[in-house]
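Welcome, and thanks for opening the viewer. Let's take a walk through this model together, one selection at a time.

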Amino acid sequence: MADSFGPVTPGARDGGRGAASADAREDDGPRREPIRVLVVDDHALFRRGLEIVLAQEEDIEVVGEAGDGAEAVDKAADLLPDIVLMDVRMPRRGGIEACTSIKEVAPSAKIIMLTISDEEADLYDAIKAGATGYLLKEISTDEVSTAIRAVADGQSQISPSMAAKLLTEFKSMIQRTDEKRLVPAPRLTDRELEVLKLVATGMNNRDIAKELFISENTVKNHVRNILEKLQLHSRMEAVVYAMREKILEIR
């Protein structure tokens with residue numbers, strides 16, 4: 001069983017590469033450049049633990065670290081990382097506030113919040129500020145590297161417990177809003193609705209493919225079609241839109 005964060009030790013991942021992780025890399029085909037990661041957390045020991053864990057992944061490279069949001073913005077501008085793995089609450093400047101600035105100085109960087117905060121407000125603010133993922137520090141070490149790869153490939157990642165809170169909030173929002181749509185919502189196919197419902201639960205493309213007995217590439221195509229039909233840019237926006245427009249019924 002993979003270790004969870006708190007604390008991570010140098011020997012925490014004996015044999016922890018996992019068959020699923022190895023298979024994912026084999027399926028990738030030709031070797032590509034490592035995913036360049038900037039680690040941002042105000043606890044030096046936690047940063048060091050992440051570096052030790054991620055150093056064991058051949059396709060991930062930690063290129064820098066920062067102890068607060070202000071330093072993170074400077075490092076992001078200098079290093080132009082692929083992924084910024086960042087805590088929410090830090091001194092001087094918090095992670096959510098830093099999100100917007102990082103997107104300005106390093107537009108291609110994708111931000112994953114890795115935090116102990118399970119507050120809905122932090123989740124919503126992080127998404128609005130441009131975060132692509134929101135993970136709780138209770139997740140296992142294996143899940144961190146898996147999330148980094150998924151986000152680097154264009155997916156959104158969110159801890160299941162936080163996804164459930166999102167759905168609860170969306171349902172409440174729908175119940176409070178009885179305004180009629182002025183423009184009919186674009187029609188999604190039955191399969192697209194199935195995919196969107198699974199996206200709404202926080203599942204990634206691989207898990208959706210297994211659930212629906214289709215290929216991962218087919219799932220990617222469905223997600224792309226959904227975003228094009230709804231004229232949106234991210235999976236998270238699609239879920240919010242679907243909830244608001246009552247395309248999905250969450251019971």
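Start by selecting strand β4, helix α5 (residues 120–129) and strand β5: together they make a right-handed β-α-β unit. Before you go further, keep in mind that this is a predicted model.

**Along β4**

Keep β4 (residues 110–115) on screen and add β5 (residues 133–136) beside it. The two strands pair in the parallel sense, over four bridges. To see a matching pair of residues, pick leucine 114, which stands opposite leucine 135 in β5.

Is β4 open to the outside or enclosed? Five of its six residues are buried, so β4 is largely enclosed by the rest of the structure.

**Over to β3**

Now select β3 (residues 83–86). β3 pairs with β4, again in the parallel sense and over four bridges. Two places let you follow this pairing: isoleucine 83 has lysine 110 of β4 as its bridge partner, and methionine 86 stands opposite methionine 113 in β4.

Show the side chains of β3 next. In a regular strand, side chains alternate between the two faces of the sheet. Which residues of β3 lie on each side? Ile83 and Leu85 are on one side, Val84 and Met86 are on the other, and all are buried, so both faces of the strand are covered.

Add helix α4 (residues 95–105) to the view, and you have another right-handed β-α-β unit, made by β3, α4 and β4.

**On to β1**

Select β1 (residues 35–40), which pairs with β3 in the parallel sense over four bridges. Here, look for leucine 38, whose bridge partner in β3 is valine 84. Then find valine 39, which has leucine 85 of β3 as its bridge partner.

**The whole sheet**

Time to zoom out and colour the strands. In what order do the six strands run? They form an open sheet in the order β2-β1-β3-β4-β5-β6, with parallel pairing. At the edges are β2 (60–66) and β6 (157–158); each has a single partner strand, so one side of each is left without a neighbour in the sheet. Bring α4 back as well: this helix packs on the sheet, touching β3 and β4, and its direction makes about 170° with that of β4.

**Down the chain to the loops**

Leave the sheet and select phenylalanine 213, in the loop between α9 (205–212) and α10 (216–230). Most residues other than glycine have a negative phi. Phenylalanine 213 has a positive phi of about 60° although it is not a glycine. Buried or exposed? Phenylalanine 213 counts as exposed, at 76% relative accessibility.

Your next stop is glutamine 231, found in the loop between α10 and α11 (235–244). Glutamine 231 is not a glycine either, yet has a positive phi of about 55°. With a relative accessible area of 70%, glutamine 231 is exposed.

**Last stop: α11**

Finish by selecting α11. How many of its ten residues are buried? Seven are, so the helix is largely enclosed by the rest of the structure. The buried residues to highlight are Arg235, Met236, Ala238, Val239, Tyr241, Ala242 and Met243. Just after α11, click on lysine 246, which takes a positive phi of about 60°.

Note on methods: Residues are numbered from 1 along each chain as its sequence is written. This is a predicted model: local features need pLDDT of at least 70, side-chain atom pairs count only at pLDDT 80 or more; totals for chains, interfaces and linings use all residues. Side-chain values use heavy atoms; hydrogens and water are left out. Buried means under 20% relative accessible area, exposed over 50%, partly exposed in between (1.4 Å probe, protein chains only). Two strands pair if DSSP finds at least two bridges between them. A crossover is right-handed if, with the strands pointing away from the viewer, the path from the first strand over the helix to the second runs clockwise. Contact means heavy atoms within 4.5 Å. Axes are lines fitted to C-alpha atoms, for helices over the stretch in contact, and angles run from 0 to 180 degrees between N-to-C directions.
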